[in-house]
Amino acid sequence: QVQPVESGGGLVQAGGSLRFSCVVSGDYFSKYAMGWFRQAPGTEREYIATITGTGNSAYYADSVRGRFTISRDNAKNTVTLQMNSLKPEDTAVYYCAARRLGAQVFDYWGRGTQVTVSS
């Protein structure tokens, strides 16, 4: 059973940085693309970034490109999101998700971690 578990959210001032991780239980971690999403109160879930199973390619939403970096360590079943130059509008619950090779949607989701950016 694949289960992502996020850690490392928190409170930070605007302009600051946060880094959090997602550890994924289960086998064949490198067979899963990993993604980060976020959801602010009263809004729909928003796509943030994806990284391929090998880690060779990463993709970002326009809202975070240049500020956020997604990376993974397949030896540790871990995907990381480094967030720099944070803005108050980045405040949300951030979710880690896994997508099986060949799948169109993300199948497995973590419970989320709260990020609050104060102005």
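**Walking through the strands, rings and disulfide**

Let's start with strands E4 (residues 32-39) and E5 (residues 46-51), which pair in the antiparallel sense over 5 bridges. Keep in mind as you look around that this is a predicted model. One rung of that pairing is easy to pick out: Arg38 has Glu46 in E5 as its bridge partner. Between the two strands sit 6 residues, so to speak the loop of the hairpin, and Gly42 in that turn has a positive phi of about 75°.

Carry on along the chain and E5 finds another partner in strand E6 (residues 58-60), with 3 bridges joining the two in an antiparallel run. Here you can look for Thr50, which stands opposite Tyr59 in E6. E5 and E6 make a hairpin too, again with 6 residues between the strands. Its glycine to check is Gly55, which takes a positive phi near 85°.

Now turn to the open sheet. It has 4 strands, in the order E1-E3-E8-E7, and the pairing is antiparallel. At the edges you find E1 (3-7) and E7 (68-73), each of which pairs on one side only. Neighbouring strands in this sheet are turned by 20° against each other on average, if you ignore direction. As a reminder of what holds such an arrangement together, strands of a sheet pair through backbone hydrogen bonds.

Zoom in on the E7 end of that sheet. E7 pairs with strand E8 (residues 78-83) in the antiparallel sense, over 6 bridges. Arg72 is a good residue to click on here, as it stands opposite Val79 in E8. Arg72 also lies over the face of Phe29, at 4.3 Å from the ring centre.

What about the aromatic side chains? The count comes to 7 aromatic pairs. Take Phe37 and Tyr47: their ring centres are 5.7 Å apart and their planes meet at 70°, which is over the 60 degrees cut-off, so the pair counts as edge-to-face. The two residues are 10 apart in the chain, with Phe37 in strand E4 and Tyr47 in strand E5, which brings us back to the hairpin we began with. Are these two buried or partly exposed? Phe37 has a relative accessible area of 10%, and since buried means under 20%, Phe37 is buried. Tyr47 comes in at 30%, so it is partly exposed.

That pair belongs to a bigger group, in that Phe37, Tyr47, Phe106 and Trp109 form one aromatic cluster. Trp109 has an arginine to look at as well: Arg45 lies over the face of its ring, at 3.9 Å from the ring centre.

Last stop, the cysteines. How many disulfides are there? The count is 1, and it joins Cys22 to Cys96, with an S to S distance of 2.1 Å. The link ties together distant parts of the chain, 74 residues apart: Cys22 is in strand E3 (residues 18-25) and Cys96 in strand E9 (residues 92-100). Remember that E3 is one of the strands in the open sheet. The angle about the S-S bond is -80°, and the link is left-handed. As for solvent, Cys22 has 0% relative accessibility and so counts as buried, and Cys96 is buried with a relative accessible area of 0%.

Conventions
Residues numbered from 1 in each chain as written. Predicted model: local features only at pLDDT ≥ 70, side-chain atom pairs only at ≥ 80, totals over all residues. Heavy atoms only, no water. Pairing = 2+ DSSP bridges. Axes fitted to C-alpha atoms, helices over the stretch in contact; angles between N-to-C directions. Phe/Tyr/Trp six-rings, centres within 6.5 Å; stacked < 30°, edge-to-face > 60°. Buried < 20%, exposed > 50% of the residue type's maximum accessible area, 1.4 Å probe, protein only. Lys NZ or Arg CZ within 6 Å of the ring centre and 35° of its normal. Disulfide = S-S within 2.5 Å.
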